[in-house]
Amino acid sequence: MAMLNQLLSSIEVLEAWNDKDIHVQGLAYNSKNVNEGDVFVCIKGFKTDGHRYVKDAVQSGAAAIVVEDYQDGWGDLPQYRVADSRQALAALSDAYYNHPSQSMKTIGITATNGKTSTSFMTDAILEEHGLKTGLIGTVVVKYGDYSEPTKLTTPESLDLHRYFAEMRNQDVSHVTMEVSSSALDLSRVGSVDFDIVSLNNISREHIDLHGSFEEYFNSKASLIRNASEGSWAVLNLDDSYSASLVEETKANVLTFSVETADGDLVCKNLDLSTGRAEFTVEIRRPFSAGNTDYAPQEFDIELSTPGYHSVYNSMVAIAAALLNEVPIPTIQSGIKGFGGVERRFEMVFEDDFKMLDDHFANYGNINVTLSTLQQMDYSDLKLVYAIRGSRGVTVNKENAKAIAEWAPRLGLTEIIATVSHSHVTEKDVVTDEEVRVFQEAMDEAGIKVHLYRELDDAVNHALSEVQENDVLLLAGCQGMDPGAKIALEQLSTKRPDIDEDQLFKPLKNRVAGVL
């Protein structure tokens, strides 16, 4: 509970009607969640406008409303007009819960690719250090013994500050969270007190939402540009967009590189021959974090998660850990013990051949995945690709272009493709136009396509051809979610001698594609 005037002091009210100081029981942005004594904040969304639901909110007991446009016909109901109700919701939520993110070290991670894996990896290192941690992201929100699946990469601001408050009540000291571009655009992380922020990479994704690549980059970059003095920004000098922000933030900057051998932290002696990286981290320039001074030195890292992209993700996680004063031996053990996140270059079978599962979301993600394969030792590559459904011609053209560019370097002359007809929901159905642009790109590159309506048939084709020391890559987003389960079930039938418990172990803690 809080007093209304106290909450309103956290925002700029442009106009007020029927102003009165009342006890506020809670906040709501969805009229269905309004309880007696709540303040209802009217948000203009993409599909609907919260102003249309004032009547429902009042009938449920709303004691006041925050609006962008004055609402007629509500008598003596307190009403407050603001310029941006999303920003107001964030500030009001932070004030209502008494600024919970200030009570813990908060790490915000953004990127086109790798937000989830980097967040989980960072959390694993912090937990290894014995810290009480919280994690907020695409897959799950968790802290202590509590966890729940998430619907949004970054929760709406009211929900986010509530999570922070619950974490504070559980004595959580460190929170790692994914920060999406849409969350930055829509003020979902408004009023969050970030201690460390990172922009690892950026490539074409979600462009339709933002209108242009420049707007998309500016959304991502705002996490760095708006970082406060005294906080830290971790930036990747191998990515020109990330590197361009070094001089555009008030935060202290810690840079790293894998390829350019420049920066405060440098990855050296990289070995990806097994698919799982081993490398040396060199601290090239001294820096201090809290009570810890880091002199120039080197230490070795072994990753359990496969993939070239895991190296970049781990560099962010290592940087965040150093800035949180985690001892280097703890970083080494924590990162080695981290088993990865589902469908992020996940090794789901590793016997006479390797089977990898990757979400293959966009041009940048595909490039990183296939560049890892180029550095691995294997005989032949079998690629089963689920065409990306209902994402438009541009994304599918670019995905096909990435595959075509890598095909000669990987000895790939044939691809098994599928529209996963029985395994996608209505919002992910592959259109004829999306199939056409994919097929045209493959024809132009001279790559033969075996196209299947059903995912099961595509997987069966690949398993019938895979040989010893080959790599079978299950690639694609929603259409490939059940791919690993289907493949392992077919493998169990084809090879009844394989221990089932061991075979299905990679699916044990899965969320996607296991039903």
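# Helix crossings and enclosed space

The crossing of α4 and α11 is right-handed (the near helix is turned clockwise from the far one by less than a right angle; anticlockwise would make it left-handed). Helices here are DSSP runs of H or I with at least four residues, strands are runs of E with at least two, and both are numbered from the N terminus. The model is predicted, so to speak of local features a pLDDT of at least 70 is needed and side-chain atom pairs count only at pLDDT 80 or more, while totals for chains, interfaces and linings use all residues. Residues are numbered from 1 along each chain as its sequence is written, and side-chain values use heavy atoms, with hydrogens and water left out.

## Helix α4 and its partners

Let's start with α4 (residues 115-128) and α11 (residues 328-337), whose axes come within 8 Å and cross at roughly 125°. An axis is a line fitted to C-alpha atoms, for helices over the stretch in contact, and angles between N-to-C directions run from 0 to 180 degrees. The two helices, α4 and α11, are therefore oblique to each other (angles under 35 degrees count as roughly parallel, over 145 as roughly antiparallel, 65 to 115 as roughly perpendicular, and the rest as oblique). On the α4 side the contact is made by Met121, Ala124, Ile125 and Glu128, and on the α11 side by Thr330, Ile331, Ser333, Gly334 and Ile335 (contact means heavy atoms within 4.5 Å). These residues divide into 5 nonpolar, 3 polar and 1 charged. In this scheme Ala, Val, Leu, Ile, Met, Phe, Trp, Tyr, Cys and Pro count as nonpolar, Asp, Glu, Lys and Arg as charged, and the others, Gly among them, as polar.

Helix α4 also meets α10: their axes come within 9 Å and cross at roughly 40°. This pair is therefore oblique, and α4 passes α10 in a right-handed crossing. Ser117, Thr118, Met121, Thr122 and Ile125 in α4 meet Ser310, Asn313, Ser314, Val316, Ala317, Ala320 and Ala321 in α10. By class, the α4 and α10 contact has 6 nonpolar, 6 polar and no charged residues.

## Helices α15 and α16

The axes of α15 (residues 455-465) and α16 (residues 483-494) come within 10 Å and cross at roughly 50°. That makes α15 oblique to α16. Leu455, Asp456, Val459, Asn460 and Leu463 of α15 touch Gly483, Ile486, Ala487, Gln490, Leu491 and Lys494 of α16.

## A cavity and a pocket

On to empty space. The structure holds 1 cavity of 30 Å³ or more, and about 50 Å³ of space lies in the largest cavity. On a 1 Å grid over the protein atoms alone, a cavity is a set of points where a 1.4 Å probe fits but cannot get out, a pocket is an open set with protein on both sides within 12 Å along at least five of seven lines, and lining residues have an atom within 4 Å of a point. Grid points are joined across faces, edges and corners, and a volume is the space filled by probe spheres set on the points. Residues lining the largest cavity include Arg388, Asp428 and Cys477.

The second largest pocket has a volume of about 1100 Å³. Of its 42 lining residues, Gly339, Gly340, Glu346, Lys505 and Pro506 are the closest to its centre. Helix α4 returns here with the largest share of the lining, 6 residues.

| Lining | Nonpolar | Polar | Charged |
|---|---|---|---|
| Largest cavity | 6 residues | 3 residues | 2 residues |
| Second largest pocket | 18 residues | 11 residues | 13 residues |
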